[in-house]
Amino acid sequence: MPVSSRTTAVPAPADGDHGTHPADRPAPPPAGALETARRDYARLVGQGLSLDLTRGKPSAAQLALSDPLLALPGEGGHLDEDGTDVRNYGGQRGLPALRRIFAEVLRVPAEQLIAAGNSSLALMHDCLAHALLSGIPGGTRRWADEERLVFLCPVPGYDRHFALCERFGITMRPVPMTPEGPDMDVVERLVAEDPAVKGIWCVPTYSNPDGTCYSEETVRRLAAMPAAAGDFRVLWDNAYAVHHLTDEPVRTPDLLAACAASGHPDRALVFGSTSKVTFAGAGVAFFGSSPANVDWLLAHNGERSIGPDKVNQLRHARFLRDAEGLRAHMERHRALLEPKFATVLRVLDEELSGTGLAGWTRPRGGYFVTLHAPEGCARETVRRAAEAGIALTPAGLTHPYGEDPRDSVIRIAPTCLETDELEQAVRGLAVCLRLAAYERHAGHAAQGRGEGPA
Ligand SMILES: Cc1ncc(COP(=O)(O)O)c(C=O)c1O
């Protein structure tokens, strides 16, 4: 049976297994299934496809929604509402008009929100680099002087968070996801007992890749839990805060306020950007936190740059206008994206439901559908798909060190293909999954009979 609740985060076997996925106990294949899968696969390879389901990028049609930006602010339009000349140096906090628009959705008071350059990932990188080289409020020494540094990584998660940890020598500790966010029993225990645990990565709304939305209770516990490290941080990467796909938009719980109310005002570092709102390469990134953390980042980034690109910020403020303008713009994205997600889900239903082989998420927002192959089959499925001309994110990338212990998670990024191509790609993917699963089963059966691997 496929997993078919709204967003179905499937627990991973890290620090305690909280459930098994149906795909881990596939029923024996029906008679002739392997032969059929082999025939289907040969036909698929014969089609000579060249389709890409890898990175979650906006499509050209989505980018075109923001094309008016290319003409803004326009010649002579270089003063913001306060008379600041955006062409010149300065204004480290970013333009107030733009910060006000995003304060509401990121749930950070505008005066504690910085509008910066074009990439929130770069801000995360900066925070880690500054903590390593200079320390962070609440700490007794620089992170570089600590014997061990550990970050908790809810899995499946975002590969670029993991890459930052690897880059900076931070040990990653996987934590299983639940439908409400990371397993907080595990998180609370690890954070309380080990002073080397300095952080946790969180994508609280429509998480990458499994679409999980953190519950109010998860957020309350993240804010309130005791931490052995005085400078423990929650890296709150709200990349998909406004990327709804339904009529019931999920509102991110207010971590910053919860931390302040629990006596841990400096715990939350909030990130966001317009990368998937306007232009992915030419948007604006945001950082929000306590006044102490904001001053800390401004002081260090002030050495790195004399100020952000305020021209870009001004054109964003003029284009989006206000929170209502942002909402209306995101509805236009939704109109383009919803049919694509619906296509992926329909094809998965048609191809795999009732096979007992796979489960998949039904995200209410964000950029991905997560497919759970039978244990031990994700890499082989992705390899077969590549051979057939369907590019997928490498299996394992959704886990620290590229190691999915079940070899089960496959991330599907539906945004960039047209719906007809998407249909072909996902149908082909299902063929590859069936083949990988039935071949593995046949191999096991042969081993069971003492015949060695098939
Ligand atoms: C969870 C998450 N955070 C951050 C980013 C990158 O954000 P930015 O373009 O602002 O660096 C992405 C892009 O895919 C993402 O999925």
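Start by selecting His161, which sits in helix α5 and counts as buried, its relative accessibility being 2%. Bear in mind from this first stop onward that the coordinates belong to a predicted model. With His161 still highlighted, add Lys57 to the selection and draw a line between the two C-alpha atoms: the residues are 104 positions apart in sequence, and the line spans 17 Å in space.

**Into the loop before helix α5**

From His161, step back to Pro156, which belongs to the loop running between β3 (150-155) and α5 (159-167). Show the backbone here and inspect the peptide bond that leads from Val155 into Pro156, since this bond is cis, with omega near 0°.

**The ligand and its shell**

Now select the ligand and display the residues around it, which are Ser119, Ser120, Leu121, Tyr158, Val203, Asn208, Asp237, Ala239, Tyr240, Ser273, Ser275 and Lys276. If you colour this shell by residue class, you will find five nonpolar residues, five polar ones and two that are charged.

Which residues place a polar side-chain atom 2.8 Å or 2.7 Å from an oxygen atom of the ligand? At 2.8 Å the residue is Ser119, whose polar side-chain atom faces a ligand oxygen across that distance, and at 2.7 Å it is Ser273, again by way of a polar side-chain atom and an oxygen atom of the ligand. Leu121 contributes through its backbone, where a polar atom is 3.0 Å from an oxygen atom of the ligand. Of the 400 Å² that the ligand exposes when taken alone, the protein buries 87%. If you then hide the ligand and display the pockets, the space that the ligand takes up corresponds to the largest pocket.

**The loop between β6 and α7**

Keep Asn208 from the ligand shell in view, and extend the selection to Pro209, because the two are joined by a cis peptide bond, with omega about 10°. Pro209 lies in the loop between β6 (197-202) and α7 (216-224). In this loop between β6 and α7, select Tyr206 as well. Tyr206 has a positive phi of about 45°, although it is not a glycine. Is Tyr206 buried or exposed? Its relative accessibility is 0%, so Tyr206 counts as buried.

Moving into strand β6 itself, pick Val197, which is also buried, at 2% relative accessibility. A line drawn from the C-alpha atom of Val197 to that of Ile170 covers 9.6 Å in space, while the two residues are 27 positions apart in sequence.

**A second positive phi**

Next, go to Arg321, in the loop between α10 (310-320) and α11 (323-352). Arg321 is not a glycine, yet its phi is positive, at about 70°. Is Arg321 buried or exposed? With a relative accessibility of 59%, Arg321 counts as exposed, whereas Tyr206, with its own positive phi, counts as buried.

**Toward the later strands and helix α13**

Select Thr398 in the loop that connects β12 (390-392) with β13 (409-412). Thr398 has a relative accessible area of 4% and is therefore buried, the limit for that class being under 20%. Show side chains at this point, and a polar contact of 3.0 Å appears between the side chain of Thr398 and that of His399.

Continue to Leu429, which is placed in helix α13 (residues 419-448) and counts as buried, with 0% relative accessibility. Add Arg384 to the selection: Leu429 and Arg384 are 45 residues apart along the chain, and their C-alpha atoms are separated by 8.5 Å.

**A last stop at Ala71**

Finish at Ala71, in the loop between α2 (60-64) and α3 (96-106). Is Ala71 buried or exposed? Its relative accessible area is 56%, and since the class of exposed residues begins over 50%, Ala71 is exposed. To close the tour, zoom out until Gly450 is also in view and join the two C-alpha atoms: Ala71 and Gly450 are 379 residues apart along the chain, and the separation between these atoms is 70 Å.

Note on methods: Residues are numbered from 1 along each chain as its sequence is written. This is a predicted model: local features need pLDDT of at least 70, side-chain atom pairs count only at pLDDT 80 or more; totals for chains, interfaces and linings use all residues. Side-chain values use heavy atoms; hydrogens and water are left out. A residue is near a molecule or strand if one of its heavy atoms lies within 4 Å of it. A polar contact is a pair of N or O atoms within 3.5 Å; within protein, one must be able to donate a hydrogen and the other to accept it, and residues adjacent in sequence count only if both atoms are side-chain atoms. Accessible areas come from the Shrake-Rupley method with a 1.4 Å probe; for residues, only the protein chains shown count as cover. On a 1 Å grid over the protein atoms alone, a cavity is a set of points where a 1.4 Å probe fits but cannot get out, and a pocket is an open set with protein on both sides within 12 Å along at least five of seven lines; lining residues have an atom within 4 Å of a point. A molecule sits in a cavity or pocket if more than half of its atoms lie within 2 Å of its grid points. Ala, Val, Leu, Ile, Met, Phe, Trp, Tyr, Cys and Pro count as nonpolar, Asp, Glu, Lys and Arg as charged, and the others, Gly among them, as polar. Helices (H or I, at least four residues) and strands (E, at least two) are DSSP runs, numbered from the N terminus. Buried means under 20% relative accessible area, exposed over 50%, partly exposed in between (1.4 Å probe, protein chains only).
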